[in-house]
Amino acid sequence: MKTEHTLSIIKPDAVAKNVIGAIINRLETSGLMIVNAKILQLTSIQASEFYAAHQNKFFFNELINFMISGPIFIQILKGYQAIKKNREIMGATDPTVALSGTIRSDYGYNCTKNAIHGSDSKKSAIREISYFF
Ligand SMILES: Nc1ncnc2c1ncn2[C@@H]1O[C@@H]2COP(=O)(O)O[C@H]2[C@H]1O
């Protein structure tokens, strides 16, 4: 398996909690490398475009309002099986059921305020990286 790239977003709740460094430390310790990064405050249009796949879901408006509520830290991670590895370290979408020791278990609050996003497939990673970089 070749080295992969994936998109990771530290969401507004985690940025506001001042845990960017703590989260990055977990990613780096697991062997993932940050090869590009920036802090952005998304517009409603940007958030809606980025999450377009969820536009018909019941949680879409809540998700967009949350994602524009404060700055986010966007990074490209590189590593062996980076997409899968990143999602393992992140934990399940719902922090209350995420495995203990995962980022969402430790820093998330609910399905919306869940600290971090990571691409869910190779196709998503390509689209999401090219959206922001
Ligand atoms: N059942 C849900 N209720 C609220 N938000 C959700 C739900 N399922 C998914 N989401 C949000 O939709 C987001 C899509 O990708 P993320 O990895 O950013 O994390 C997800 C959650 O924040």
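So, Thr93: you'll find it in the loop that connects helix H5, residues 82-90, to helix H6, residues 103-107. Keep in mind that this is a predicted model. With 44% relative accessibility, Thr93 comes out as partly exposed. Skip the neighbours within four places in sequence, and Thr93 is in contact with Arg104, Asn110, Cys111 and Asn114.

Why start there? Well, Thr93 belongs to a UniProt "binding site" annotation, from an unreviewed entry, along with Lys11, Phe59, Arg87, Arg104 and Asn114. And Lys11, Phe59, Arg87, Thr93, Arg104 and Asn114 from that set turn up in the lining of the largest pocket.

Okay, Lys11 next. Lys11 sits in the loop between strand S1, residues 3-10, and helix H1, residues 12-16. Buried or exposed? Lys11 has 4% relative accessibility, so it counts as buried, the cut-off being under 20%. If you leave out residues up to four places away in sequence, Lys11 touches Tyr51, Phe66, Met67, Ile72, Thr112, Asn114, Ala115, Ile116 and His117.

That last one, His117, has a record of its own. UniProt, again in an unreviewed entry, puts an "active site" annotation on His117. His117 lies in strand S4, and at 10% relative accessibility it counts as buried. Its contacts, leaving aside neighbours within four places in sequence, are Leu7, Ser8, Ile9, Lys11, Phe50, Tyr51, Met90, Arg104 and Glu128. So you can spot two residues of the "binding site" annotation there, Lys11 and Arg104.

Now the pocket itself. How much space lies in the largest pocket? About 460 Å³. The lining takes 21 residues, and those nearest the centre are Tyr51, His54, Phe59, Leu63 and His117. Phe59 is also in the "binding site" annotation, and His117 is the "active site" residue in the record. As for which elements build the lining, H5, S4 and H7 each give at least two residues, with H7 supplying the largest share, three residues.

Let's zoom out to the sheet. We've got an open sheet of four strands, ordered S2-S3-S1-S4, and the pairing is antiparallel. At the edges stand S2, residues 33-40, and S4, residues 116-118; each has a single partner strand, so one side of each has no neighbour in the sheet. On average, neighbouring strands here are turned by 20° against each other, ignoring direction. S1 and S3, the latter being residues 72-80, pair in the antiparallel sense over eight bridges. If you want a spot to click on, take Glu4: its bridge partner in S3 is Gly79.

Then the helices on the sheet. Helix H2, residues 20-29, lies across S1, S2, S3 and S4, and it runs at about 10° to S3. Helix H7, residues 122-132, packs on the sheet as well, touching S1, S2, S3 and S4, but its direction makes about 60° with that of S1. And H7, remember, is the helix that gives three residues to the pocket lining.

One last thing, the domain record. UniProt lists residues 3-133 as "domain: Nucleoside diphosphate kinase-like", unreviewed entry once more. In the model, that span is 42% helix and 21% strand, and its end C-alpha atoms lie 19 Å apart.

Methods
Residues are numbered from 1 along each chain as its sequence is written. This is a predicted model: local features need pLDDT of at least 70, side-chain atom pairs count only at pLDDT 80 or more; totals for chains, interfaces and linings use all residues. Side-chain values use heavy atoms; hydrogens and water are left out. UniProt positions are given in the numbering used here, feature names are shortened, and annotations may be inferred rather than shown by experiment. On a 1 Å grid over the protein atoms alone, a cavity is a set of points where a 1.4 Å probe fits but cannot get out, and a pocket is an open set with protein on both sides within 12 Å along at least five of seven lines; lining residues have an atom within 4 Å of a point. Buried means under 20% relative accessible area, exposed over 50%, partly exposed in between (1.4 Å probe, protein chains only). Contact means heavy atoms within 4.5 Å. Two strands pair if DSSP finds at least two bridges between them. Axes are lines fitted to C-alpha atoms, for helices over the stretch in contact, and angles run from 0 to 180 degrees between N-to-C directions. Grid points are joined across faces, edges and corners, and a volume is the space filled by probe spheres set on the points.
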